[in-house]
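The following exercises are to be worked through with the sequence and the coordinates at hand. Each task is followed by a solution in steps.

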Amino acid sequence: NMIIHPFPPEYDENSEVLILGSFPSVKSREQMFFYGHPQNRFWRVTAAVFGEDTPQTIAEKKAFLHRNKIALWDVISSCEITGSSDSSIRDVTANDLSGILKNSRISRIFVNGRTAEKYFNKYTKEKIEISAVCLPSTSPANAAWSLDRLIDAWRVIISSE
């Protein structure tokens, strides 16, 4: 069954770093916000990188993102997917990133995991001027990476300014 991405990107005019996932999990689609699965380590990892407490509510998560000039969006706008399984993704339509890029100060793009990287390279790379750096997935499926290793790898999202 074809599923359309049910919620908008999170960014503002001051966003400098864009982090792209592949497509929201069932939990994220239920919550209507990014990285909603309690076992996904995205919020723990990024909070640790910025030396902050892990945001809990969606309002706290949005404030955290804006404070740290991070934009969140996904590569895929619609696809066939079974549950939250990346390997089941078919018939992909990609999100158009031009609106975000035009209306923000994004100069660096990261993809959260190999699935996001694969679809970014296939559908998005040629349309935009910025290449994406692949970071190890914060998904619970990426069990090989400990929380500490993820935090270390994700430190690159801190602006070099």
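## Exercise 1: Leu72 and the nonpolar core

Task: Establish which residues Leu72 contacts, leaving aside its neighbours within four places in sequence, and place Leu72 in the largest nonpolar core.

Solution.
Step 1. With its neighbours within four places in sequence left aside, Leu72 is in contact with Pro9, Glu10, Leu18, Ile19, Phe34, Tyr35, Phe42, Trp43 and Leu65. The model is a predicted one.
Step 2. The largest nonpolar core comprises 44 residues, and Leu72 is listed with Ile19, Leu20 and Trp154 as those with the most contacts inside it.
Step 3. Helix 2 gives the most to this core, namely five residues.
Step 4. As background, nonpolar side chains in soluble globular proteins tend to be buried together.

## Exercise 2: Leu97 and Thr124

Task: Determine whether Leu97 is buried or exposed, and trace its contacts beyond four places in sequence.

Solution.
Step 1. Leu97 belongs to the loop between strand 5 (90–94) and helix 4 (98–102).
Step 2. The relative accessible area of Leu97 is 3%; because the limit for buried is under 20%, Leu97 is buried.
Step 3. Leaving aside neighbours within four places in sequence, the contacts of Leu97 are Leu18, Leu20, Trp73, Phe120, Thr124 and Ile128.
Step 4. Val75 lies 22 residues from Leu97 along the chain, and the C-alpha atoms of the two are separated by 8.6 Å.
Step 5. Thr124, one of the contacts of Leu97, is found in helix 5. Thr124 is likewise buried, at a relative accessible area of 4%.
Step 6. Seen from Thr124, and with neighbours within four places in sequence again left aside, the contacts are Val75, Ala94, Leu97 and Tyr119.

## Exercise 3: Two residues of helix 1

Task: Assign Lys27 and Ser28 to buried, partly exposed or exposed, and describe their surroundings.

Solution.
Step 1. Lys27 is found in helix 1, and so is Ser28.
Step 2. Lys27 has 36% relative accessibility and counts as partly exposed, whereas Ser28 is buried, with a relative accessible area of 3%.
Step 3. Not counting residues up to four places away in sequence, Lys27 touches Gly36, His37 and Pro38.
Step 4. Ser28, with neighbours within four places in sequence left aside, is in contact with Phe7, Phe33, Phe34, Tyr35, Gly36 and His37.
Step 5. Two C-alpha separations complete the description. Lys27 and Ser77 are 50 residues apart in sequence and 17 Å apart in space; Ser28 and Ser139 are 111 residues apart in sequence and 12 Å apart in space.

## Exercise 4: Positive phi

Task: Tyr35 and Asp91 each have a positive phi without being glycine. State where each lies and whether each is buried or exposed.

Solution.
Step 1. Phi of Tyr35 is near 55°, and that of Asp91 is about 50°.
Step 2. Tyr35 lies in the loop between helix 1 (26–31) and helix 2 (42–49), whereas Asp91 is found in strand 5.
Step 3. Tyr35 is buried, with a relative accessible area of 12%. Asp91, with 52%, is exposed, because the limit for exposed is over 50%.

## Exercise 5: Cys79 and Cys134

Task: Explain why Cys79 and Cys134 do not form a disulfide.

Solution.
Step 1. A search of the whole structure finds zero disulfides.
Step 2. Cys79 is in no disulfide, and its nearest cysteine sulfur is that of Cys134, 18 Å away.
Step 3. A disulfide requires sulfur atoms within 2.5 Å; the sulfur of Cys134, at 18 Å from that of Cys79, is therefore too far for a bond.
Step 4. Cys79 is also buried, with a relative accessible area of 0%.

## Exercise 6: The largest pocket

Task: Characterise the largest pocket by its volume and its lining.

Solution.
Step 1. The volume of the largest pocket is about 560 Å³.
Step 2. Its lining has 27 residues, and Ser22, Asn40, Asp86, Ser137 and Ser139 lie nearest the centre.
Step 3. Helix 5 (114–124) and strand 7 (132–135) are the elements that give two or more residues to this lining.
Step 4. By residue class, the lining of the largest pocket divides into 10 nonpolar, 14 polar and three charged residues.

Technical notes. Residues numbered from 1 in each chain as written. Predicted model: local features only at pLDDT ≥ 70, side-chain atom pairs only at ≥ 80, totals over all residues. Heavy atoms only, no water. Helix = DSSP H or I, 4+ residues; strand = E, 2+ residues; numbered from the N terminus. Buried < 20%, exposed > 50% of the residue type's maximum accessible area, 1.4 Å probe, protein only. Contact = heavy atoms within 4.5 Å. 1 Å grid on protein atoms, 1.4 Å probe; cavity = no way out; pocket = protein on both sides within 12 Å on 5 of 7 lines; lining within 4 Å. Points joined across faces, edges and corners; volume = space filled by probe spheres on them. Nonpolar A, V, L, I, M, F, W, Y, C, P; charged D, E, K, R; others polar. Core = buried A, V, L, I, M, F, W, Y, C linked by side-chain atoms within 4.5 Å.
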